[in-house]
Amino acid sequence: MDNRRVRVRFAPSPTGPLHIGGVRTALYNYLFAKQNGGDLVFRIEDTDSNRFVPGAEEYILESFRWLGVKFDEGVSFGGNYGPYRQSERREIYKKYVQQLLDSGKAYIAFDTPEELEAKRAGIENFQYDASTRMGMRNSLVLPADEVKALIGGGHQYVVRFKVEPGEKVLVDDIIRGEVVIDSSILDDKVLYKSADELPTYHLANIVDDHLMEISHVIRGEEWLPSAPLHVLLYRAFGWEDTMPRFAHLSLLLKPEGNGKLSKRDGDRLGFPVFPLEWHDPKSGAVSSGFRESDYLPEAVINFLALLGWNPGDDVELMSMEELVQKFDLAKCSKAGARFDYKKMVWFNHEYILRKSDREIAEIFMPVVKAHGVDASPEYLERIVSLMKGRVNFVHELWDACSFYFIAPAEYDEKTVKKRWKEDSAQKMGELAELLGSLEDFSIENQDKAVHEWIEAKGYGMGEIMNAFRLALVGEGKGPQMFDISGLIGKEETLARLERAIKVLG
RNA sequence: GGCGCUUUCGUCUAGUGGCUAGGACACAUGCCUCUCACGCAUGGAACACGGGUUCGAUUCCCGUAGGCGCUACCA
């Protein structure tokens, strides 16, 4: 059974935007599938008609397209195990529920939600299980003809799983080892709901994973408590020998304080928790996304991969291909990981560095255009090569280098005080004259000419360059001076010098 | 409350029955330098606590405490 093809699935509920924890779960599934030459299935678990949110499914798909996580089959991808949307599999579930009913592994219960609520309110720690089921209204206590009559009369009912107490259930988890729990603490879970005539997660999940020949279930830790129930279900169906292997991933926690990562943390601390921007169709509220916040997908993937997993060496920057090669479920950490968004920013910086100037220039171009500047791709590329190492996000490039496009409208007061001396105007006048006389305005030639001039005159390197910088940039920042003057050109350089002399005197 | 999972620098983590407990982010300092960054170098910083087992435990076992999760006709 261990020789069968690796098939894993990512199966979200279309209840809203995809949480970043879900993205990581999908990523781990993807890495595992690719490493083993297997398949990644995209299944939609829409068995809760109340929580269905239009647009969520498309959003999830678009998120993975952006991130580069590719599915092999499933909703919108096709495949031989469909349909892949659970709401389209009603008939299949009905059949299997009946099978459980027929074999006595499940039973019909007529207790209404109100009755159950009253029980829970009245009895401390009430649980629908072996100790209480005989006192409830179900097919185990009611005579067969009465059950038939109730159903015939249109009474609503659910199907519950009959958990036999006193049994040690073993869950063999790749990450956590063997987890043993006593079936006595499990309740008779509802497998089939009356409200929308759909199965619950537990039933649909087991039936689908079996029918879709899923070999490994890699999912969040929140499912660990119900894993024993799932094992029991596989057993009840007689599918235990092809039961998937489980791996329960630790959760993503708040960067500070207690609890798991939520949208509020992102809002408060200033980082997104969703891959793409999300517009809630009901409230109209907008949640920010990594894509719109200018994160590079490679950086998000790399960062996420390392949150809760580590290859065991000191290498941190890895491409998707390298991740596929190195990934190891057994090396996933058991404890929850705080979402260290500052490190994610660092990853983004590293990926900006690693991308070619051209790629970054292409991303930067729309930002430049938005500022009303028309620059050639070549010009942008040269600026990017000079400036990209200084920023964490591409959009920050504008603030860092707007002087390449626009002459300073004003001069930073503090810098003026520090760098513009009594004789600066006179010296800048001399510099302008010198630069104006140059036929060859190349960076190298400017450098040579100006250095010779400074030396001949006995001027200080700092006083000249800093005043020059103030004139061209408007403040005390930026790359080497001739990397600025050389790029903006002779005419613009002279004009800016002239204006500084006039304004600053 | 019950049940389960979990615990190494502030954070993500590596690691071992005997090590100066390693790396990265963040932070600090220094170097570089025409400025600001980048970069480079250096530094501070951790085995939750209490019992065992052992010649020796951060490592193995048992407790305690903290953290997280589940406890729906939600997934």
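**Exercise 1. Describe how strand S2 and S3 pair, and place them in their sheet.**

Strand S2, residues 39-42, is joined to S3 by two bridges in the parallel sense; the model in which this pairing is found is a predicted one. At the level of residues, phenylalanine 42 stands opposite glycine 74 in S3. Widening the view, the sheet is an open one of three strands, in the order S1-S2-S3, and its pairing is parallel. Strand S1 (7-10) and strand S3 (73-74) form the edges with a single partner strand each, so one side of each has no neighbour in the sheet. Helix H1, residues 20-35, packs on this sheet, where it touches S1 and S2, and its direction makes about 165 degrees with that of S1.

**Exercise 2. Work out the order and pairing of the sheet that contains S4, S5 and S8, and find the helix that packs on it.**

The order is S4-S5-S8, in an open sheet of three strands with antiparallel pairing. Strand S4 (106-109) and strand S8 (190-192) stand at the edges, and each has a single partner strand, so one side of each is left without a neighbour in the sheet. Neighbouring strands of this sheet are turned against each other by 45 degrees on average, direction ignored. Strand S5 (residues 158-161) and S8 run antiparallel and are joined by two bridges, and the bridge partner of arginine 160 in S8 is valine 190. The helix sought is H3 (residues 90-102), which touches S4, S5 and S8 and whose direction makes about 100 degrees with that of S4.

**Exercise 3. Decide whether helix H9 is mostly covered or mostly open, and name what surrounds its residues.**

Of the nine residues of helix H9 (297-305), eight are buried, and the helix is therefore mostly covered. The buried residues are Glu298, Ala299, Val300, Ile301, Asn302, Phe303, Leu304 and Ala305. Their cover includes H1, helix H2 (56-67), helix H10 (320-326) and H11.

**Exercise 4. Locate glycine 289 and determine whether it is buried or exposed.**

Glycine 289 lies in the loop between strand S13 (286-287) and H9. A residue is buried if 20 or more other C-beta atoms lie within 10 Å of its own; glycine 289 has 21 such neighbours inside 10 Å and so counts as buried. Leaving aside residues up to four places away in sequence, glycine 289 touches Pro272, Phe274, Pro275, Leu276, Glu277 and Trp278. Its C-alpha atom is separated by 35 Å from that of aspartate 412, which is 123 residues away along the chain.

**Exercise 5. Characterise the surface near RNA strand B.**

The residues that surround RNA strand B number 63, the closest being Asn258, Ala335, Met465, Gly476 and Gln480. They divide into 23 nonpolar, 21 polar and 19 charged residues. Elements that supply at least two residues each include helix H4 (113-122), strand S7 (177-182), helix H11 (341-354) and helix H19 (481-488), while the largest share, five residues, comes from H18.

**Exercise 6. Compare the overall dimensions of chain A with those of a compact globule.**

A compact globule of 505 residues would have a radius of gyration near 23 Å, whereas chain A has 32 Å. Along the principal axes, the C-alpha atoms of chain A fill a box of roughly 110 × 45 × 40 Å. The chain holds 20 helices and 14 strands, and 35% of its 505 residues count as buried. Among contacts between residues at least 6 apart in sequence, 74% join residues at least 24 apart.

Definitions and conventions: Residues are numbered from 1 along each chain as its sequence is written. Chains are lettered from A and ligands numbered from 1 in the order in which they are written. This is a predicted model: local features need pLDDT of at least 70, side-chain atom pairs count only at pLDDT 80 or more; totals for chains, interfaces and linings use all residues. A residue is near a molecule or strand if its C-beta atom, placed from the backbone, lies within 6 Å of it. Helices (H or I, at least four residues) and strands (E, at least two) are DSSP runs, numbered from the N terminus. Ala, Val, Leu, Ile, Met, Phe, Trp, Tyr, Cys and Pro count as nonpolar, Asp, Glu, Lys and Arg as charged, and the others, Gly among them, as polar. Two strands pair if DSSP finds at least two bridges between them. Two residues are in contact if their C-beta atoms, placed from the backbone, lie within 7 Å. Axes are lines fitted to C-alpha atoms, for helices over the stretch in contact, and angles run from 0 to 180 degrees between N-to-C directions. The radius of gyration is taken over C-alpha atoms; the globule rule is 2.2 Å times the number of residues to the power 0.38. A residue is buried if 20 or more other C-beta atoms lie within 10 Å of its own, exposed if 12 or fewer, and partly exposed in between; C-beta atoms are placed from the backbone.
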